[in-house]
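User: I am new to this structure. Please take a close look at its charged side chains, and then show me what surrounds them.

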Amino acid sequence: MTKFTVDVTQRIEVELDAEKFDDAFMEEFRASFYPFDTIEDHAQHLAQLHARGLVDWLPSFIEGYGPSNDMGINLSSSTCETEIVDD
């Protein structure tokens with residue numbers, strides 16, 4: 001058996017409607033999901049969901065956010081690079 005360790009780097013473009021991420025939404029999200037304080041926290045979270053294939057088509061329902069269209073969420077991959085890592 002041959003085993004490889006591969007680093008995968010993706011660039012994900014994240015668009016959000018900042019007005020939807022108001023204080024009320026942020027407070028409710030923190031109470032139920034993760035302790036995010038900034039819209040950048042949400043952008044990073046949504047990007048990793050997309051990168052892992054958990055949100056791979058839009059529009060869709062995203063847990064914690066609801067329908068992506070309602071939150072102005074748009075995600076797209078612009079590049080993907082791979083590299084074999086020496087163990």
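Analyst: Start with pairing. This is a predicted model, and the count of salt bridges in it comes to one. Which residues form it? Arg30 and Asp37 are the partners, and their closest N and O atoms are 3.6 Å apart. The cut-off is 4 Å between a side-chain nitrogen of Lys or Arg and a carboxyl oxygen of Asp or Glu, so a pair must fall within that distance to count. In general, side chains of opposite charge can pair when their charged atoms come close.

How open are the two partners? Arg30 has a relative accessible area of 33%, so Arg30 is partly exposed. Asp37 reaches 54%, so Asp37 is exposed.

Now look for charge that gathers. Where is the negative patch? Asp22, Asp23, Glu27 and Glu28 come together on the surface as a patch of negative charge. Asp22 sits in the loop between strand S1 (5–15) and helix H1 (23–32). Asp22 counts as partly exposed because its relative accessibility is 39%.

The patch leads to the helix. Which residues does H1 carry on the face turned away from its buried side? That face holds the exposed residues Asp23, Ala24, Glu27, Glu28 and Ala31. Asp23, Glu27 and Glu28 therefore belong both to this exposed face and to the negative patch, where a patch residue needs over 30% relative accessible area and no salt bridge.

Turn the helix around. The buried residues of H1 are Phe25, Met26 and Phe29. Viewed down the helix axis, these buried residues fall within an arc of 95 degrees, so they line one face of H1.

Follow the chain past H1. Pro35 lies in the loop between H1 and helix H2 (39–51). With a relative accessible area of 66%, Pro35 is exposed. Helix H2 also holds Leu46. How open is Leu46? Leu46 has a relative accessible area of 0%, so Leu46 is buried.

Beyond H2 comes a cis bond. The peptide bond from Leu58 to Pro59 is cis, and its omega is near 0 degrees. As a general rule, most peptide bonds are trans. Leu58 is in the loop between H2 and strand S2. Pro59 is found in the loop between H2 and S2 (61–62). Leu58 is partly exposed, at 28% relative accessible area.

Some distances help to place this loop. From Leu46 to Pro59, the C-alpha atoms are separated by 13 Å, and the two residues are 13 apart along the chain. From Leu58 to Ser68, the C-alpha separation is 7.0 Å, with their positions 10 residues apart in the chain count.

Strand S3 (residues 66–67) brings in another proline. Pro67 has its place in S3. Pro67 counts as partly exposed, at 38% relative accessibility. The C-alpha atoms of Pro67 and Pro35 are separated by 21 Å, and the two prolines are 32 residues apart along the chain. The C-alpha atoms of Pro67 and Ser32 are separated by 17 Å, and these two are 35 residues apart along the chain.

Finish with a patch without charge. Which residues make the nonpolar surface patch? Phe4, Val6, Val8 and Ile84 make it, and the patch covers about 390 Å². Val8 lies in strand S1. At 53% relative accessibility, Val8 counts as exposed.

Put the charges back together. One salt bridge joins Arg30 to Asp37. A negative patch gathers Asp22, Asp23, Glu27 and Glu28. On H1, the face with Asp23, Glu27 and Glu28 is turned away from the buried side, and that buried side includes Phe25, Met26 and Phe29.

Technical notes:
Residues are numbered from 1 along each chain as its sequence is written. This is a predicted model: local features need pLDDT of at least 70, side-chain atom pairs count only at pLDDT 80 or more; totals for chains, interfaces and linings use all residues. Side-chain values use heavy atoms; hydrogens and water are left out. Patches are made of residues with over 30% relative accessible area and no salt bridge: like charges are joined within 9 Å, nonpolar side chains (Val, Leu, Ile, Met, Phe, Trp, Tyr) within 5 Å. Accessible areas come from the Shrake-Rupley method with a 1.4 Å probe; for residues, only the protein chains shown count as cover. Lys and Arg count as positive and Asp and Glu as negative; His and the chain ends are not counted. The place of a charge is taken as NZ of Lys, CZ of Arg, CG of Asp or CD of Glu. Helices (H or I, at least four residues) and strands (E, at least two) are DSSP runs, numbered from the N terminus. Buried means under 20% relative accessible area, exposed over 50%, partly exposed in between (1.4 Å probe, protein chains only). The arc is that of the directions from the helix axis to the C-beta atoms.
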